[in-house]
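Subject: Handover of the two-chain model

Dear colleague,

I am passing on the structure we spoke about, and below it you will find my notes on what came out of going through it. Please read them with the coordinates open beside you.

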Amino acid sequence: MPLGLVFRLALAIFLDTAVHIVWKLAVLQLPNPSSVAAAVEAASREPLFLLVAALFVWQLVNWLRVLESCDLSYSQPITALSLILVLVLSALYLGESVDALKVLGIGFVFAGVWFISRTDHDSSARSAIRQ
Amino acid sequence: MTATTIGVLLVILCGIIEGVAQVFFKKSALAPDAKQLWIGAGVALFILQALIYTGALQFVEVSTAFPIGSIAFVVVAILSQRFLMERVTGTRWIGIVLIIAGVTLLAAHA
């Protein structure tokens, strides 16, 4: 596998994880809002939400570059490793709970993503029809 | 209804919204005449989803919310079969069942 692709896949996992951890951190900074409008107003003044938005854009740009280099069915299960990273980092830095049932549930979801990604798709057939 | 239950339901709603948005993006690729319309609708749904997810994270742990959001895969499979006439293979159905089992486990345990 080209070194550049390894780097972009690792970056995709990192960014996916970072978005969710920072998002939770941002939400923890919000006061208890009295209404939806108050919540949106409070969120607009929280710099961590700007960081979430920036990470989202970076994530999108990097993901499109990943898809230029390899199949979705190959990259998606690899980047689903962020499910495990979020579990570990949220336990370490946010003090969230980790137990057997949660690990089992995440394991099922991870396996599900893997099976879905193994499915053949007909992009090549469509391309052939267009040509 | 507890705050955690509300949070879990909001995350599931986010997954459904994301699934619909993904179908809209696919529609944009299939219908060049209405491309901007479908993309605009998809982006609007993503913004709505972000707002709801922010609310959900106030009630539920991110290590629970993030995997539950994978319900979007299930929504995409069902909607793409129904509205995009895509074929959902047996392997994909196995994946869907596994995701539903995982989400159910996480939601019940939250």
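What covers the buried residues of α1(B)? Before answering, I should say that this is a predicted model, and that everything below was computed from it. The cover includes α2 (35-56), α3 (62-68), α4 and α5 of chain B.

Helix α1 of chain B

Helix α1 of chain B takes in residues 3-30, 28 residues in total, and spans 41 Å from its first C-alpha to its last, which is close to the 40 Å expected at 1.5 Å a residue. Its buried residues are B:Gly7, B:Val8, B:Leu10, B:Val11, B:Cys14, B:Gly15, B:Glu18, B:Gly19, B:Ala21, B:Val23 and B:Phe24. When you look at how that list is spaced, it may help to recall that an α-helix has 3.6 residues a turn, so residues three or four places apart point the same way.

One of the helices that cover these residues is α2(B), and α1(B) packs against α2(B) at an angle of about 165 degrees, with the two axes 8 Å apart. Because angles over 145 degrees count as roughly antiparallel, α1(B) is roughly antiparallel to α2(B). The contact between α1(B) and α2(B) is made up of 18 nonpolar, five polar and three charged residues, and α1(B) passes α2(B) in a left-handed crossing.

Helices α4 and α5 of chain B

A second helix pair in chain B is formed by α4 (residues 71-83) and α5 (residues 90-109), which pack at an angle of about 140 degrees with their axes 9 Å apart; that angle makes α4(B) oblique to α5(B). The crossing of α4(B) and α5(B) is left-handed. On the α4(B) side the contact is made by B:Ile71, B:Phe73, B:Val74 and B:Ala77, while α5(B) contributes B:Arg92, B:Ile96, B:Ile99, B:Ile100 and B:Val103. By class, the contact of α4(B) with α5(B) holds eight nonpolar residues, no polar ones and one charged residue.

Chain A

Turning to chain A, its secondary structure consists of seven helices and zero strands, and of its 131 residues, 26% count as buried. Among the contacts in chain A with a separation of 6 or more, 72% are between residues 24 or more positions apart.

A:Thr17, which lies in helix α1 of chain A, may serve as an example. Is A:Thr17 buried or exposed? Since a residue is buried if 20 or more other C-beta atoms lie within 10 Å of its own, and A:Thr17 has 23 C-beta neighbours inside 10 Å, A:Thr17 counts as buried. Leaving aside neighbours within four places in sequence, A:Thr17 is in contact with A:Ser82, A:Leu85, A:Val86 and A:Leu89. The C-alpha atoms of A:Thr17 and A:Leu83, which are 66 residues apart along the chain, are separated by 7.6 Å.

Where the chains meet

Between the two chains, 30 residues of chain A are in contact with 27 residues of chain B. On the side of chain A that touches chain B, α1 (3-29), α2 (36-44), α5 (82-93) and α6 (100-118) each supply at least two residues, and the largest share, 13 residues, comes from α6(A). By class, that side of chain A has 19 nonpolar, six polar and five charged residues.

With best regards

Note on methods
Residues are numbered from 1 along each chain as its sequence is written. Chains are lettered from A and ligands numbered from 1 in the order in which they are written. This is a predicted model: local features need pLDDT of at least 70, side-chain atom pairs count only at pLDDT 80 or more; totals for chains, interfaces and linings use all residues. Two residues are in contact if their C-beta atoms, placed from the backbone, lie within 7 Å. Helices (H or I, at least four residues) and strands (E, at least two) are DSSP runs, numbered from the N terminus. Ala, Val, Leu, Ile, Met, Phe, Trp, Tyr, Cys and Pro count as nonpolar, Asp, Glu, Lys and Arg as charged, and the others, Gly among them, as polar. Axes are lines fitted to C-alpha atoms, for helices over the stretch in contact, and angles run from 0 to 180 degrees between N-to-C directions. Angles under 35 degrees count as roughly parallel, over 145 as roughly antiparallel, 65 to 115 as roughly perpendicular and the rest as oblique. A crossing is left-handed if the near helix is turned anticlockwise from the far one by less than a right angle, and right-handed if clockwise. A residue is buried if 20 or more other C-beta atoms lie within 10 Å of its own, exposed if 12 or fewer, and partly exposed in between; C-beta atoms are placed from the backbone. The expected span of a helix is 1.5 Å times one less than its number of residues.
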